Amino acid sequence: MKRILTIQDISCVGKCSITVALPIISAMGVETAIIPTAVLSTHTMFKNFTCKDLDDQIAPITKHWMDENIKFDAIYTGYLATADQIDMVIDVFNNFKNDDNFIIVDPVMADNGKLYPAFDMNFVKEMAKLCGHADIIMPNITEAAFMTGMEYKEEYDEAYIKEMLGKLADLGAKKCLLTGVGFNLDKTGVYGYDSVNNEYCYYENDKVDAMYHGTGDIFASTYTGALMNDFSWKEAMPIAADYTAKCIKSNVEDKDGCWYGVNFEKEIPYLLKRLGKI
Ligand code: PXL
């Protein structure tokens with residue numbers, strides 16, 4: 001069985017980060033090891049959340065794993081709690097990267113033109129550095145605008161997106177996936193760029209008129225799981241985008257659907273059918 005390591009926070013209530021990555025990637029048949037970057041009572045879109053960063057745990061956890069000779073087929077990072085953690089995560093990459101595995105960085109820090117409450121421009125600079133160590137990055141347009149210094153736009157054309165992808169690739173990652181890209185108000189999708197082969201790929205879905213947290217984590221987790229199931233970087237895009245869209249739709253249609261995350265649990269059978277696993 002393949003084994004990945006995911007590095008992101010535990011939001012104890014929130015349907016995001018590790019509480020979506022673990023069930024989704026595990027359900028896709030991939031062992032999912034974790035390094036929690038922080039423990040929060042909820043994600044940071046709630047009021048009055050608690051947060052305890054686990055900065056002092058990252059090095060001892062990984063040292064133990066090196067003593068045990070544990071290896072990973074991929075490392076996938078999401079929400080990191082402090083700017084100081086970036087260098088610690090780069091150390092993890094240096095310790096566990098080999099010729100056969102790859103690194104995926106989702107630079108979780110912003111959405112809708114704004115940074116999340118815990119972050120500032122120093123964090124953005126550090127996150128851009130982390131992206132330079134990745135094989136694949138998957139920012140949304142807000143995160144990409146912060147990291148590239150480009151203006152954040154809600155309406156744009158393909159030239160704007162391609163310029164952004166070029167600047168993201170300049171950070172150092174080989175493949176860049178820009179999420180939340182729609183050229184009409186009723187569409188949203190993902191625009192991918194392979195800078196080594198100079199190839200682009202766009203995949204879109206109908207946009208559901210609702211905004212939920214954790215959907216970027218669902219996309220990134222599913223994308224990682226699909227790569228681990230030997231789908232190519234392009235094939236993994238519709239799998240992750242369709243499942244994310246399905247989870248959002250399921251939440252909208254559920255009269256008991258919650259505001260802080262989506263019904264990803266209910267749609268896991270859809271995902272497994274899509275992968276031909278059931
Ligand atoms: O879903 C992204 C995310 C992850 N972790 C925490 C968050 C958020 C988004 O707000 O606050 C703690």
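**Ligand site and helices**

Me: What sits 2.6 Å from an oxygen atom of the ligand?
Reply: A polar side-chain atom of Thr44. The model is predicted: local features need pLDDT of at least 70, side-chain atom pairs count only at pLDDT 80 or more, and totals for chains, interfaces and linings use all residues. Residues are numbered from 1 along each chain as its sequence is written, and side-chain values use heavy atoms, leaving out hydrogens and water.

Me: And what do Asp9 and Asp217 do there?
Reply: The side chain of Asp9 has an N or O atom 2.8 Å from a nitrogen atom of the ligand. Asp217 has a polar side-chain atom 2.7 Å from an oxygen atom of the ligand. Of the 320 Å² of accessible area (Shrake-Rupley, 1.4 Å probe) that the ligand has on its own, the protein covers 98%.

Me: How many residues surround the ligand?
Reply: There are 13 (a heavy atom within 4 Å), and the closest are Asp9, Ser11, Thr44, Tyr79 and Asp217.

Me: Ser11, then. Buried or exposed?
Reply: Ser11 counts as buried (under 20% relative accessible area; exposed is over 50%) because its relative accessibility is 2%. It is found in strand β1 (strands are DSSP E runs of at least two residues, helices H or I runs of at least four).

Me: What does its side chain pair with?
Reply: The side chain of Ser11 makes a polar contact (N or O atoms within 3.5 Å, donor to acceptor) with the side chain of Asp9, at 2.6 Å. Leaving aside residues up to four places away in sequence, Ser11 touches (heavy atoms within 4.5 Å) Cys16, Ser17, Thr19, Leu40, Thr42 and His43.

Me: Switching to α2. Which residues are buried?
Reply: Asp55, Ile58, Thr62 and Trp65, in a helix that spans residues 55–67. They are on the same side of α2, because they cover an arc of only 70° around the axis. Asp56 and Asp67 are exposed on the face turned away from that side.

Me: What covers the buried ones?
Reply: The cover includes β1 (3–13), β2 (31–42), β3 (51–53) and α3 (84–96). After α2 comes Asn69, with a positive phi near 60°.

Me: How many residues of α5 are buried?
Reply: Seven of the eight in α5 (residues 141–148), so the helix is mostly covered. Those seven pack against β6 (110–111), β7 (114–115), α4 (121–131), α6 (158–170) and β9 (175–181).

Me: What happens at its two ends?
Reply: At the start, a side-chain oxygen of Asn140 comes within 3.1 Å of the backbone nitrogen of Thr142. Gly149 follows α5, with a positive phi near 80°.

Definitions and conventions. Buried < 20%, exposed > 50% of the residue type's maximum accessible area, 1.4 Å probe, protein only. Arc of directions from axis to C-beta.
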